[in-house]
Amino acid sequence: MASNIQPTASKGMRFGLWFSQLLLALVYVPAGLMKLSSPVAQVATQIPWAADVPEMFLRFIGLIDLSAGLGLLLPALTRIAPRLTVFAAYGSITLQLCAFFFHVSRGEYFVLPMNLVLIALALFVAWGRTKKAPIASRRATAIAAS
């Protein structure tokens, strides 16, 4: 017999997940907007590798950053397809793993701790929103209420 009991998480766990999602969004959204909208020379003053890659690559990474930031927050906040938050977390992990090896290949070891922190936060969000404190969609909530 299947159980409809949802995992329950403490207030601290739920706060930690929301805080992690917000923190990741506050990293990714501004970085994505900068990479998408600023001239390459201006971006290169803050991100050394920006001048060394094709502009389309820089803009593509900006789009990925922006998508990750919005995906980590908006589906959960709106409860419209909140499962997308988990997918955004996995995408963020993939992005940071690629960034980690990219920076290693360039000898930019000073950036690696930030990549590891972002990976850890995204792993926490993916685990928490899958196992510990999933967010029910509006539709599921409406069906359960009727």
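Trainee: What should the 27 residues of α1 span at 1.5 Å a residue, and how far apart are its end C-alpha atoms?

Mentor: Helices here are DSSP runs of H or I with at least four residues, strands are runs of E with at least two, and both are numbered from the N terminus. The expected span of a helix is 1.5 Å times one less than its number of residues. For α1 that gives 39 Å, and the end C-alpha atoms are 38 Å apart, which agrees. Before we go on: this is a predicted model, where local features need pLDDT of at least 70 and side-chain atom pairs count only at pLDDT 80 or more, while totals for chains, interfaces and linings use all residues. Residues are numbered from 1 along each chain as its sequence is written, and side-chain values use heavy atoms, with hydrogens and water left out.

Trainee: Which residues of α1 are buried, and what covers them?

Mentor: Buried means under 20% relative accessible area, exposed over 50%, and partly exposed in between, with a 1.4 Å probe and protein chains only. In α1 the buried residues include Leu17, Leu24, Tyr28 and Lys35. Their cover includes α2 (40–46), α3, α4 and α5, where contact means heavy atoms within 4.5 Å.

Trainee: How does α5 read in the light of its span?

Mentor: Helix α5 covers residues 112–132, and its 21 residues should span 30 Å; the end C-alpha atoms are 28 Å apart, which agrees. Among its buried residues are Leu118, Ala122 and Val125. The cover over the buried residues of α5 includes α1 (11–37), α3 (55–78) and α4 (83–105).

Trainee: Which residues of the largest nonpolar core touch the most other members?

Mentor: A nonpolar core is a set of buried Ala, Val, Leu, Ile, Met, Phe, Trp, Tyr and Cys residues joined through side-chain atoms within 4.5 Å. The largest one has 13 residues, and Leu24, Tyr28, Leu72, Ala89, Leu118, Ala122 and Val125 touch the most other members. Two or more residues come from each of α1, α3, α4 and α5, and α5 gives the most, with five. A second, separate core of nine residues includes Met34, Val43, Ala50 and Val53.

Trainee: What volume does the largest pocket have?

Mentor: On a 1 Å grid over the protein atoms alone, a pocket is an open set of points with protein on both sides within 12 Å along at least five of seven lines, whereas a cavity is a set where a 1.4 Å probe fits but cannot get out; lining residues have an atom within 4 Å of a point. Grid points are joined across faces, edges and corners, and the volume is the space filled by probe spheres set on them. Here it is about 670 Å³. Of the 29 lining residues, Lys35, Trp49, Gln96, Ala99 and His103 are the closest to the centre. The largest share, 10 residues, comes from α4.

Trainee: Is Asn115 buried or exposed?

Mentor: Asn115, found in helix α5, is buried, with a relative accessible area of 4%. Beyond its neighbours within four places in sequence, Asn115 is in contact with Gln96, Ala99, Phe100 and His103.

Trainee: Where does Arg79 lie, and what is its phi?

Mentor: Most residues other than glycine have a negative phi. Arg79 is in the loop between α3 and α4, and its phi is positive, near 60°. Ala81 lies in the loop between α3 and α4 and has a positive phi of about 55°.
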